[in-house]
Amino acid sequence: MKARITPPARTLQFLKSMLVQVCAFLPALFVSAQVVNQIKSFPAVALDPSTGFYTNSDGAYPRAPLTLAGATLYGAAIVAGSSGSGTIFKINTDGSGFAVLRSLAAVTDNSATQQLTNSDGAQPQSRLLVAGDTVYGTALYGGALGNGTL
């Protein structure tokens with residue numbers, strides 16, 4: 001019968017720690033340096049005195065992660081646009097071709113529900129999903145009852 005030799009617990013903990021560190025470093029060996037470029041700067045917003053909302057042409061404060069489909073990035077800006085409720089936009093990965101796909105409708109205060117309502121939502125904040133020629137997303141506020149839209 002052979003005697004089994006068990007390493008001390010501290011040695012095992014050290015080896016586990018080293019293995020984790022080596023595994024964390026390995027991907028860096030295979031990735032080249034990354035270049036970060038700004039491809040879009042959103043325009044300033046201005047208060048629309050007739051509505052009390054901040055507006056501009058493109059939207060402002062893009063919060064959700066971008067979605068890549070082919071060479072096009074899709075995203076959402078949570079405020080501004082033509083009515084102040086936010087925008088859905090696309091831009092090519094090289095920075096060309098920026099277009100607002102939808103400027104969400106202005107909200108109104110629904111006195112019955114005490115909610116801000118509109119026809120298509122306000123403050124889009126989620127990652128968009130692109131399927132063929134259709135873009136899907138959610139809006140935090142607005143809609144018929146003011147509780148958001150899909």
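Colleague: What makes the contact between the side chains of Asp58 and Lys40 a salt bridge?

Modeller: The N to O distance between the side chains of Asp58 and Lys40 is 2.7 Å. A salt bridge requires a side-chain nitrogen of Lys or Arg within 4 Å of a carboxyl oxygen of Asp or Glu, so the term applies. The model is a predicted one, in which local features need pLDDT of at least 70 and side-chain atom pairs count only at pLDDT 80 or more, while totals for chains, interfaces and linings use all residues. Residues are numbered from 1 along each chain as its sequence is written, and side-chain values use heavy atoms, with hydrogens and water left out.

Colleague: Why is Asp58 called buried, and why is Lys40 called partly exposed?

Modeller: Buried means under 20% relative accessible area, exposed over 50%, and partly exposed in between (1.4 Å probe, protein chains only). Asp58 has 13% relative accessibility and therefore counts as buried. Lys40, at 24%, is therefore partly exposed.

Colleague: How many salt bridges does a search of the whole structure find?

Modeller: The search finds two. In the other pair, the side chains of Asp120 and Arg102 meet at 2.8 Å, N to O. Asp120 lies in the loop between β9 (115-117) and β10 (122-124) and Arg102 in strand β7 (residues 99-103), so this salt bridge ties together parts that are 18 residues apart in sequence. Strands are DSSP runs of E with at least two residues, and helices are runs of H or I with at least four, numbered from the N terminus.

Colleague: Why is Asp120 called buried, and what makes Arg102 partly exposed?

Modeller: Asp120 has a relative accessible area of 15%, so it is buried. Arg102 stands at 45% and therefore counts as partly exposed.

Colleague: What is notable about the phi of Ala80?

Modeller: Most residues other than glycine have a negative phi. Ala80 is not a glycine, yet has a positive phi of about 70 degrees. Ala80 is placed in the loop between β5 (72-79) and β6 (87-92), and its relative accessible area is 0%, so it is buried.

Colleague: Is Gln114, which also has a positive phi, buried or exposed?

Modeller: Phi of Gln114 is near 60 degrees. Its relative accessible area is 62%, so Gln114 is exposed. Gln114 lies in the loop between β8 (108-110) and β9.
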